[in-house]
Amino acid sequence: MLSDAHIGLKVDVDTLRGTREGVPRLAALLKKHGIDATFYFSVGPDHTGRAMRRVFRKGFAQKVARTSVLKHYGLKTLMFGVLLPGPDIGRKAGAEMLRVHDAGFEVGLHAFDHVRWQDGVAGADASWTRREFERGLEAFRRVFGFLPESHAAAGWQINAYGLELEREYGLKYASDTRGGPAFYPLLADGASSCPQVPTTLPTFDELLGREGIEESNIADAVFRLSAQAAEPALQVFTLHAELEGMLLRDAFESLLVKWREAGASVTRMAAIHALATARTLPARAVVRGEIPGRSGLLAVQASAAAA
């Protein structure tokens with residue numbers, strides 16, 4: 001059914017708790033099944049509580065209700081940046097991050113301040129974007145001793161300046177966008193040399209609570225969508241250390257088993273990038289669009305390739 005499919009696992013790590021608790025559990029689970037993945041770390045302050053300001057955004061309140069944010073993130077995490085100071089994730093949990101790299105997994109940059117980037121980058125100017133991006137690079141290097149080779153923007157939020165910075169710093173690829181096959185983003189002076197490898201499958205938290213989907217059948221739902229994909233050969237699934245690494249771990253393991261039994265190759269993002277760039281990729285503009293189950297507008301690729 002999926003014998004020719006390659007599915008990249010992109011693990012987004014947003015919080016201190018996710019780094020300390022969810023990441024080690026996910027790494028152990030993946031090692032148990034002999035499966036590779038890429039971990040994208042938030043390396044600066046954990047200001048998760050400030051995300052509650054999104055309550056007035058279309059669809060956010062419904063998402064919070066559907067996915068039981070308090071249950072998955074915990075009360076203390078939801079107080080960071082509001083009633084409690086935001087701890088520096090890289091300094092507090094750098095050892096946990098290093099262990100992931102030492103275990104052989106690919107690592108990349110998610111964000112410096114996850115909430116600040118996700119909520120601010122879409123309308124930010126060049127100086128703001130450079131400052132936040134370079135803070136992330138430096139904090140990442142402080143943890144790992146080297147700069148990241150890939151970037152996966154927090155909340156799938158990116159602007160033209162961020163895309164320019166990915167090219168400027170020579171990143172091999174990025175995964176900031178949603179939907180469709182890999183492509184080269186169009187910049188002001190032409191196509192970037194840093195390709196985008198988008199997330200193609202819906203996430204667990206986008207599906208939970210919709211159309212009868214719950215924790216008991218979420219793995220079946222994602223597996224079915226992967227089998228029905230318009231382009232099944234190369235797919236990307238984003239999971240979160242705070243969800244699939246914790247209370248949804250059993251459901252995620254069930255999905256892994258289904259993919260393996262169907263013959264799919266489940267692997268790191270670098271492998272998907274290598275397979276994607278083995279063929280000629282289109283150049284497309286990065287625009288903003290809606291994704292079912294996700295509040296607000298996200299970075300997506302334009303429907304038509306550039307001439």
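How many helices and strands does the secondary structure of the protein chain come to? The count is twelve helices and twelve strands, in a model that is predicted.

**Figure 1. Overview of the protein chain in the predicted model.** The chain has 307 residues, of which 55% count as buried. Among contacts with a separation of 6 or more, 74% link residues 24 or more positions apart. The exposed area of the chain is about 12700 Å², and carbon and sulfur atoms supply 53% of this area.

**Figure 2. The nonpolar cores of the chain.** The largest nonpolar core holds 69 residues, and those touching the most other members are Leu-9, Phe-39, Phe-41, Phe-237, Phe-252 and Trp-259. Helix α7, which spans residues 126–144, gives the most to this core, contributing seven residues. Separate from it is a second core of eleven residues, including Val-197, Val-236, Met-269 and Ala-276.

**Figure 3. Surroundings of Lys-10 in strand β1.** Strand β1 covers residues 6–13 and contains Lys-10. Lys-10 counts as buried because its relative accessibility is 0%, where buried means under 20%. The side chain of Lys-10 forms a polar contact of 3.2 Å with the side chain of Thr-238. Leaving aside residues up to four places away in sequence, Lys-10 also touches others, among them Thr-38, Tyr-40, Ala-152, Trp-156, Ser-175 and Thr-199. Val-236 and Met-269, which are members of the second core, are likewise touched by Lys-10.

**Figure 4. Two residues other than glycine with positive phi, Trp-156 and Glu-211.** Most residues other than glycine have a negative phi. Trp-156, with a positive phi of about 55°, lies in the loop between β4 (150–151) and α8 (160–168). Glu-211, with a phi near 55°, is located in the loop between α9 (204–207) and α10 (218–227). Is each residue buried or exposed? Trp-156 counts as buried because its relative accessibility is 2%, under the 20% limit. Glu-211 counts as exposed because its relative accessibility is 74%, over the 50% limit.

**Figure 5. The hairpin of β11 and β12.** Strand β11 (residues 286–291) and strand β12 (residues 294–301) run antiparallel and are joined by five bridges. One pairing links Val-287 to its bridge partner in β12, Val-300. Two residues lie between the strands of this hairpin, in which Gly-293 adopts a positive phi near 85°.

Technical notes: Residues are numbered from 1 along each chain as its sequence is written. This is a predicted model: local features need pLDDT of at least 70, side-chain atom pairs count only at pLDDT 80 or more; totals for chains, interfaces and linings use all residues. Side-chain values use heavy atoms; hydrogens and water are left out. Two strands pair if DSSP finds at least two bridges between them. Helices (H or I, at least four residues) and strands (E, at least two) are DSSP runs, numbered from the N terminus. Buried means under 20% relative accessible area, exposed over 50%, partly exposed in between (1.4 Å probe, protein chains only). A polar contact is a pair of N or O atoms within 3.5 Å; within protein, one must be able to donate a hydrogen and the other to accept it, and residues adjacent in sequence count only if both atoms are side-chain atoms. Contact means heavy atoms within 4.5 Å. A nonpolar core is a set of buried Ala, Val, Leu, Ile, Met, Phe, Trp, Tyr and Cys residues joined through side-chain atoms within 4.5 Å. Accessible areas come from the Shrake-Rupley method with a 1.4 Å probe; for residues, only the protein chains shown count as cover.
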